[in-house]
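Subject: The structure you asked for

Hi there,

Here is the structure to open alongside your sequence. My notes on what turned up follow just below.

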Amino acid sequence: MDTPVQYGPDEGPAQKVSVSMPAGRIAAVKARVGSRGFSAYISAAVERQIQRDLLEELLQAKEAEIGPPSPDVQEWAAEMFREAEALSAQEHAEPMPEGDTEWDAEQAS
């Protein structure tokens with residue numbers, strides 16, 4: 001009996017999968033990247049989520065090992081997140097330059 005081939009996260013042939021999302025989210029992605037860039041955009045989003053999950057696991061392991069961060073470090077981190085959210089909100093509020101509808105997979109990494 002053949003053993004199934006195991007692939008790493010960025011290896012192997014592309015496969016079709018079916019996912020369910022709110023129609024508005026699908027429309028927002030297509031408006032940003034067009035229908036041809038949809039799969040690459042979603043793949044990059046999944047990659048970022050996996051990275052976040054791994055980071056969260058690492059943070060939990062370190063906290064179990066050395067204890068929680070000090071209040072000063074917690075406040076610093078909270079401020080960094082507030083600044084990042086403000087930049088993100090600003091980016092989403094600004095319209096894309098006219099004719100700038102192409103999405104580059106490198107932007108997602």
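The closest nitrogen and oxygen atoms of E65 and K62 are 3.5 Å apart, and the two residues form a salt bridge. Before going further, please keep in mind that this is a predicted model. Both E65 and K62 belong to helix 2, where they sit 3 residues apart, about one turn of the helix. E65 counts as exposed because its relative accessibility is 56% and the cut-off for that class is over 50%. K62, with a relative accessible area of 39%, is partly exposed.

Now for the overall layout. The protein chain has 4 helices and 0 strands, and from the N terminus its elements follow the order α-α-α-α. Of its 109 residues, 6% count as buried; to be in that group, a residue needs a relative accessible area under 20%. The accessible surface of the chain is about 9,900 Å², and carbon and sulfur atoms account for 55% of that area.

How many salt bridges does a search of the whole structure find? The search gives 3, and the pair in helix 2 described above, E65 with K62, is one salt bridge. R82 takes part in another, with E75, where the closest N and O atoms are 2.7 Å apart. R82 also forms a salt bridge with E79, and there the closest N and O atoms are 3.0 Å apart. R82 and E79 lie in helix 3 (residues 71–93), and because they are 3 residues apart, about one helical turn separates them. Through salt bridges that share partners, E75, E79 and R82 are joined into one network. As a general point, side chains of opposite charge can pair when their charged atoms come close.

Are the members of this network buried, exposed or in between? E75 is partly exposed at a relative accessible area of 45%. R82 falls in the partly exposed class too, at 41%, and E79 is partly exposed at 31%.

Helix 2 deserves a section to itself. It covers residues 38–66. At 1.5 Å a residue, its 29 residues should span 42 Å, and the end C-alpha atoms are 42 Å apart, so the expected and modelled values agree. Just after helix 2 comes G67, which takes a positive phi of about 95°.

There are also two surface patches to look at:

- Nonpolar patch: V46, I50 and L54 make a nonpolar surface patch of about 270 Å². I50 is placed in helix 2, and its relative accessible area of 44% makes it partly exposed.
- Negative patch: D53, E56, E57 and E63 gather on the surface in a patch of negative charge. Of these, E57 has its place in helix 2.

One more residue of helix 2 to find on your screen is S43. S43 is partly exposed, with a relative accessible area of 48%. How far apart in space are S43 and D10, given that they are 33 residues apart in sequence? From C-alpha to C-alpha, S43 and D10 are 9.8 Å apart.

If you would like a quick route through the model, try the E65 and K62 salt bridge, then the network of E75, E79 and R82, and then the nonpolar patch of V46, I50 and L54. After that, have a look at the negative patch of D53, E56, E57 and E63, and finish with G67, just after helix 2.

Happy looking, and do write back with any questions.

Best wishes

Conventions. Residues are numbered from 1 along each chain as its sequence is written. This is a predicted model: local features need pLDDT of at least 70, side-chain atom pairs count only at pLDDT 80 or more; totals for chains, interfaces and linings use all residues. Side-chain values use heavy atoms; hydrogens and water are left out. Patches are made of residues with over 30% relative accessible area and no salt bridge: like charges are joined within 9 Å, nonpolar side chains (Val, Leu, Ile, Met, Phe, Trp, Tyr) within 5 Å. Accessible areas come from the Shrake-Rupley method with a 1.4 Å probe; for residues, only the protein chains shown count as cover. A salt bridge is a side-chain nitrogen of Lys or Arg within 4 Å of a carboxyl oxygen of Asp or Glu. Helices (H or I, at least four residues) and strands (E, at least two) are DSSP runs, numbered from the N terminus. Buried means under 20% relative accessible area, exposed over 50%, partly exposed in between (1.4 Å probe, protein chains only). The expected span of a helix is 1.5 Å times one less than its number of residues. Lys and Arg count as positive and Asp and Glu as negative; His and the chain ends are not counted. The place of a charge is taken as NZ of Lys, CZ of Arg, CG of Asp or CD of Glu.
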